[in-house]
Amino acid sequence: MKILVTGNAGSGKSTLAKTLAAKHALPYSSLDRVVWQEGWKKTPRDIRKAKIKTLIKQNDWIIDGVDYDVQHAADVVIFLDYPRGICLYRALRRNIPYLFSSRPELPKHCPEIRIIPQLLKLIWNFPKRVRPTILSTSSRERSKFVHIKTNNELQSHLEGESLVKNGKKRYTSI
(Lines give C-alpha, C1' and ligand atoms only; values in the text may rest on other atoms or scores of the structure.)
Protein backbone atom coordinates (compact mmCIF):
# COMPACT_ATOMS: atom_id res chain seq x y z
CA MET A 1 0.00 0.00 0.00
CA LYS A 2 1.34 3.42 -0.99
CA ILE A 3 -0.36 6.43 0.58
CA LEU A 4 0.33 10.13 0.12
CA VAL A 5 -1.11 12.65 2.58
CA THR A 6 -0.96 16.06 0.93
CA GLY A 7 -2.24 19.55 1.60
CA ASN A 8 -1.31 23.02 2.80
CA ALA A 9 1.18 23.68 5.58
CA GLY A 10 -0.66 23.26 8.87
CA SER A 11 -3.39 21.07 7.39
CA GLY A 12 -2.39 18.09 9.53
CA LYS A 13 -0.48 16.03 6.97
CA SER A 14 2.19 14.74 9.34
CA THR A 15 -0.25 14.00 12.15
CA LEU A 16 -2.57 12.04 9.87
CA ALA A 17 0.28 10.25 8.08
CA LYS A 18 1.81 9.10 11.37
CA THR A 19 -1.61 7.91 12.59
CA LEU A 20 -2.24 5.95 9.39
CA ALA A 21 1.28 4.53 9.36
CA ALA A 22 0.72 3.11 12.83
CA LYS A 23 -2.82 1.90 11.99
CA HIS A 24 -1.76 0.11 8.79
CA ALA A 25 1.82 -0.81 9.82
CA LEU A 26 3.37 1.18 6.97
CA PRO A 27 6.77 2.87 6.91
CA TYR A 28 6.39 6.64 7.26
CA SER A 29 8.43 9.38 5.56
CA SER A 30 8.05 13.14 5.50
CA LEU A 31 9.04 15.07 2.40
CA ASP A 32 10.29 17.81 4.74
CA ARG A 33 13.32 15.60 5.38
CA VAL A 34 13.88 15.33 1.63
CA VAL A 35 13.31 18.99 0.76
CA TRP A 36 15.28 20.47 3.66
CA GLN A 37 18.82 20.01 4.90
CA GLU A 38 20.31 21.26 8.16
CA GLY A 39 19.89 24.99 8.70
CA TRP A 40 16.89 25.33 6.34
CA LYS A 41 19.05 24.81 3.27
CA LYS A 42 17.04 23.44 0.35
CA THR A 43 18.20 20.13 -1.04
CA PRO A 44 19.32 20.57 -4.66
CA ARG A 45 16.59 19.53 -7.09
CA ASP A 46 18.49 16.58 -8.61
CA ILE A 47 19.30 15.12 -5.19
CA ARG A 48 15.72 15.71 -4.01
CA LYS A 49 14.34 13.92 -7.09
CA ALA A 50 16.68 10.97 -6.55
CA LYS A 51 15.64 10.66 -2.89
CA ILE A 52 11.96 10.79 -3.84
CA LYS A 53 12.50 8.16 -6.53
CA THR A 54 14.10 5.88 -3.92
CA LEU A 55 11.19 6.42 -1.51
CA ILE A 56 8.45 5.68 -4.05
CA LYS A 57 10.18 2.52 -5.34
CA GLN A 58 9.49 0.82 -2.01
CA ASN A 59 6.59 -1.64 -1.95
CA ASP A 60 4.74 0.03 0.91
CA TRP A 61 4.86 3.53 2.33
CA ILE A 62 3.02 6.51 3.67
CA ILE A 63 4.49 9.88 2.79
CA ASP A 64 3.35 13.33 3.78
CA GLY A 65 4.06 16.38 1.65
CA VAL A 66 3.40 17.85 -1.76
CA ASP A 67 5.04 16.28 -4.81
CA TYR A 68 3.64 15.27 -8.20
CA ASP A 69 5.83 12.16 -8.55
CA VAL A 70 4.76 10.88 -5.13
CA GLN A 71 1.12 11.68 -5.91
CA HIS A 72 1.31 9.78 -9.19
CA ALA A 73 3.00 6.74 -7.56
CA ALA A 74 0.54 6.53 -4.65
CA ASP A 75 -2.27 3.98 -4.47
CA VAL A 76 -4.22 6.43 -2.33
CA VAL A 77 -3.92 10.23 -2.20
CA ILE A 78 -5.47 11.96 0.80
CA PHE A 79 -5.82 15.69 0.19
CA LEU A 80 -6.39 17.68 3.39
CA ASP A 81 -8.05 20.73 1.87
CA TYR A 82 -8.76 22.95 4.86
CA PRO A 83 -9.31 26.73 4.71
CA ARG A 84 -6.29 29.02 5.09
CA GLY A 85 -7.40 30.25 8.50
CA ILE A 86 -7.41 26.73 9.94
CA CYS A 87 -4.02 25.94 8.39
CA LEU A 88 -2.56 29.18 9.68
CA TYR A 89 -3.83 28.55 13.21
CA ARG A 90 -2.58 24.96 13.22
CA ALA A 91 0.82 25.87 11.78
CA LEU A 92 1.36 28.58 14.36
CA ARG A 93 0.19 26.27 17.18
CA ARG A 94 2.53 23.55 15.91
CA ASN A 95 5.49 25.88 15.43
CA ILE A 96 5.43 27.71 18.77
CA PRO A 97 7.06 24.82 20.69
CA TYR A 98 9.74 24.62 17.97
CA LEU A 99 10.54 28.32 17.54
CA PHE A 100 14.16 27.69 18.51
CA SER A 101 14.55 24.00 17.67
CA SER A 102 13.66 21.56 14.89
CA ARG A 103 10.38 19.68 14.66
CA PRO A 104 10.81 15.88 14.58
CA GLU A 105 10.02 15.79 10.82
CA LEU A 106 12.87 18.19 10.02
CA PRO A 107 16.65 17.93 9.94
CA LYS A 108 18.69 19.47 12.75
CA HIS A 109 19.13 23.23 13.08
CA CYS A 110 15.81 24.15 11.46
CA PRO A 111 14.15 26.38 14.07
CA GLU A 112 10.73 27.59 13.00
CA ILE A 113 11.48 31.21 13.82
CA ARG A 114 13.68 31.41 10.72
CA ILE A 115 10.88 30.55 8.28
CA ILE A 116 7.75 32.14 9.73
CA PRO A 117 7.45 34.80 6.97
CA GLN A 118 7.87 32.13 4.24
CA LEU A 119 5.41 29.85 6.04
CA LEU A 120 2.75 32.56 6.14
CA LYS A 121 3.29 33.29 2.45
CA LEU A 122 3.10 29.57 1.60
CA ILE A 123 -0.16 29.10 3.50
CA TRP A 124 -1.71 32.21 1.99
CA ASN A 125 -0.74 31.35 -1.62
CA PHE A 126 -1.46 27.60 -1.46
CA PRO A 127 -5.11 27.84 -2.65
CA LYS A 128 -4.10 29.70 -5.82
CA ARG A 129 -0.70 28.18 -6.58
CA VAL A 130 -0.69 24.56 -5.38
CA ARG A 131 -4.29 23.45 -4.81
CA PRO A 132 -5.28 23.63 -8.52
CA THR A 133 -2.41 21.30 -9.51
CA ILE A 134 -3.36 18.76 -6.84
CA LEU A 135 -7.00 18.87 -7.93
CA SER A 136 -6.22 18.63 -11.66
CA THR A 137 -4.02 15.61 -11.07
CA SER A 138 -6.72 14.09 -8.88
CA SER A 139 -9.33 14.49 -11.62
CA ARG A 140 -7.25 12.18 -13.83
CA GLU A 141 -6.78 9.66 -11.01
CA ARG A 142 -10.14 10.01 -9.25
CA SER A 143 -10.38 6.39 -8.07
CA LYS A 144 -7.48 6.82 -5.67
CA PHE A 145 -8.27 10.31 -4.39
CA VAL A 146 -9.76 11.12 -0.97
CA HIS A 147 -10.63 14.82 -0.70
CA ILE A 148 -11.05 15.92 2.93
CA LYS A 149 -12.44 19.42 3.58
CA THR A 150 -13.60 19.21 7.21
CA ASN A 151 -12.70 17.47 10.44
CA ASN A 152 -16.06 15.67 10.30
CA GLU A 153 -15.20 14.23 6.88
CA LEU A 154 -11.81 13.13 8.17
CA GLN A 155 -13.35 11.49 11.23
CA SER A 156 -15.92 9.67 9.07
CA HIS A 157 -13.17 8.27 6.87
CA LEU A 158 -11.03 7.27 9.84
CA GLU A 159 -13.95 5.43 11.44
CA GLY A 160 -14.97 3.81 8.15
CA GLU A 161 -13.69 0.72 6.41
CA SER A 162 -10.03 -0.14 6.34
CA LEU A 163 -7.95 0.72 3.27
CA VAL A 164 -7.49 -2.97 2.64
CA LYS A 165 -10.47 -5.25 2.98
CA ASN A 166 -10.45 -8.90 1.90
CA GLY A 167 -7.15 -8.33 0.10
CA LYS A 168 -8.62 -5.61 -2.14
CA LYS A 169 -7.61 -1.97 -1.95
CA ARG A 170 -10.40 0.39 -0.93
CA TYR A 171 -10.15 4.12 -1.51
CA THR A 172 -13.38 5.37 0.03
CA SER A 173 -12.07 5.52 3.56
CA ILE A 174 -8.79 5.85 5.37
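## Cores and sheet of a predicted model

In this predicted model, the largest nonpolar core comprises 25 residues. Those with the most contacts inside this core are Ile3, Val5, Leu16, Ile62, Ile78, Leu80 and Ile148. Six elements each supply at least two residues of the core, as the table sets out.

| Element | Residue range |
|---|---|
| Strand E1 | residues 2-7 |
| Helix H1 | residues 13-24 |
| Strand E6 | residues 76-80 |
| Helix H5 | residues 84-95 |
| Helix H6 | residues 116-129 |
| Strand E7 | residues 145-148 |

Helix H1 gives the largest share of this core, namely four residues. Apart from this core lies another one, of 15 residues, which includes Leu55, Val70, Val77 and Phe126.

The strands can be described next. An open sheet is formed by five strands, with parallel pairing, in the order E2-E5-E1-E6-E7. Strand E2, at residues 28-30, and strand E7 are the edge strands, and each of them pairs on one side only. From one strand to the next, the twist averages 15°.

Strands E6 and E7 run parallel and are joined by four bridges. Leu80 stands opposite Ile148 of E7, and both residues are among those with the most contacts inside the largest nonpolar core. Setting aside neighbours within four places in sequence, Ile148 is in contact with Ile78, Phe79, Leu80, Asp81, Tyr82, Glu153, Leu154 and His157.

A helix also packs on the sheet: H7, formed by residues 131-140, touches E1, E6 and E7. The direction of H7 makes about 140° with that of E7.

Conventions. Residues numbered from 1 in each chain as written. Predicted model: local features only at pLDDT ≥ 70, side-chain atom pairs only at ≥ 80, totals over all residues. Heavy atoms only, no water. Core = buried A, V, L, I, M, F, W, Y, C linked by side-chain atoms within 4.5 Å. Buried < 20%, exposed > 50% of the residue type's maximum accessible area, 1.4 Å probe, protein only. Contact = heavy atoms within 4.5 Å. Pairing = 2+ DSSP bridges. Axes fitted to C-alpha atoms, helices over the stretch in contact; angles between N-to-C directions.
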